[in-house]
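Work through the exercises below with the sequence and the model open. Each task is followed by a solution in steps.

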Amino acid sequence: MPSRIRAAWTVAAAPAVAAALLTAPATAATAAGPDWSARPAAGGTAGPGAGDRPYFYLEGGPGSALQDRLSIVNRGKRPRTVQLSPSSITPDAPSTARGSGAWISLAAKRVTVPARTRADVPFTLTVPAETPPGDHPGAIVVTGGGREIRVPVHLRVNGRALAAISVEDVKVVKAGGGAAIHYALVNRGNTVLTPRLAVRADGLFGEVLRRDARTLPVELAPGSRARLTEKWPDAPALDSVDVTLTVTAAGGAHAAGSAGYTAVPWGVLAGAAALALGAVAGGGAWLLRWRRGRHRPADGDALAEPAREAREAREAREPAGSGSGARQ
């Protein structure tokens, strides 16, 4: 481990410090179990306050090395051994977020804290040189005694902040007696975004849906994607509409996406199909009757036809040259 971290860990785990009795009660910001807790050390290098902090807040540019300390407090009557590990997943960040956990180097991964004692574990977060500006969440996970505590690490990499978002894959489908609007939001910038959504739908005869902008229950880390669904229980049963989703977020992020939707009840379709089949059948019958009428003989021709056929048959039976005027 780096010499600076080793020296800091040696000081933090010195017997005089480790044997100090703890008399202060746990604060609301402390993630505490029945007899032990883990939290940022008081008076850290940065944070919302000089005392107890609910999370680590570190800020620096690409290539910088940022240091802080994690406090593990054992209020029990026996020594407590815990395991420490960095993580890129935090309780308030999506699982697809590109976090800073991989950049955290802990001075120790296993710590045994004596009874009624506090141990401070230093760590260093080294920001890669190619890291884009913006927010990169992380966490330090502490496990022991069958329970787990996650202490969030909020890293802000300095640089020009860019808030950008896109609305993709908008699709409206029939759902029960209404419809459902499926879509995806993608954070195209370098800051964490909490999007707001407004919905509008226009049909053949005017507006059929209007929902003012509201905050969505999702937080998008840079580069992350979230697939969401907007329910539309009172969608029209017979109409052709254009649905538009408008999304905004802090920092000037703005985007829109749209999709078409045609609603036709099955009863109307069945009726139209029956009418079409009836029209085709009726037209075919009329055409057949018309064609038969064109080839039917006239009444006079019908009477003369049998007489003509009888005469031709009689002439065929008589021998050639016979008749009343023939010589004997």
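**Exercise 1. State the strand order and the edges of the open sheet formed by 4 strands.**

Step 1. The order is 14-13-16-17, and the pairing is antiparallel. Strands are DSSP runs of E with at least two residues, helices are runs of H or I with at least four, and both are numbered from the N terminus. Two strands pair if DSSP finds at least two bridges between them.

Step 2. Strand 14 (206–215) and strand 17 (253–263) each have a single partner strand, so they are the edges and one side of each lacks a neighbour in the sheet.

Step 3. On average, neighbouring strands of this sheet are turned by 10° against each other, direction ignored. Axes here are lines fitted to C-alpha atoms, for helices over the stretch in contact, and angles run from 0 to 180 degrees between N-to-C directions.

Step 4. Strand 16 (residues 239–249) pairs with strand 17 through 11 bridges in the antiparallel sense. Leu245 is opposite Gly257 of strand 17.

The model is predicted: local features need pLDDT of at least 70, side-chain atom pairs count only at pLDDT 80 or more, and totals for chains, interfaces and linings use all residues. Residues are numbered from 1 along each chain as its sequence is written, and side-chain values use heavy atoms, with hydrogens and water left out.

**Exercise 2. Find the partners of strand 12 and decide whether strand 12 is enclosed or open.**

Step 1. Strand 11 (residues 165–175) runs antiparallel to strand 12 and is joined to it by 9 bridges. Ala175 has Gly178 of strand 12 as its bridge partner.

Step 2. These two strands form a hairpin with 2 residues between them, and Gly176 in the turn has a positive phi of about 60°.

Step 3. Strand 15 (residues 225–232) is also antiparallel to strand 12, with 8 bridges. Here Leu185 has Ala226 of strand 15 as its bridge partner.

Step 4. In strand 12 (residues 178–187), 9 of the 10 residues are buried, so the strand is largely enclosed by the rest of the structure. Buried means under 20% relative accessible area, exposed over 50%, and partly exposed in between (1.4 Å probe, protein chains only).

**Exercise 3. Which residues of the largest nonpolar core touch the most other members?**

Step 1. A nonpolar core is a set of buried Ala, Val, Leu, Ile, Met, Phe, Trp, Tyr and Cys residues joined through side-chain atoms within 4.5 Å.

Step 2. The core has 30 residues, and those touching the most other members are Ile165, Ile181, Leu185, Trp232, Val243 and Leu245. Two or more residues come from each of strand 11, strand 12, strand 13 (196–203), strand 15, strand 16 and strand 17.

Step 3. Beyond four places in sequence, Ile165 touches residues including Leu185, Leu220 and Val247; contact means heavy atoms within 4.5 Å.

**Exercise 4. How many aromatic pairs are there, and how are they arranged?**

Step 1. Rings of Phe, Tyr and Trp (its six-membered ring) pair if their centres lie within 6.5 Å; planes under 30 degrees apart count as stacked, over 60 as edge-to-face and the rest as tilted. By this rule there are 2 aromatic pairs.

Step 2. Phe56 and Phe123 are edge-to-face, at 4.9 Å centre to centre with 80° between the planes. Phe56 lies in strand 3 (residues 56–60) and Phe123 in strand 8 (residues 117–126), 67 residues apart. Both are buried.

Step 3. Trp232 and Tyr261 form a tilted pair, 6.5 Å centre to centre and 55° between the planes. The pair links strand 15 to strand 17 across 29 residues. Trp232 and Tyr261 are buried.
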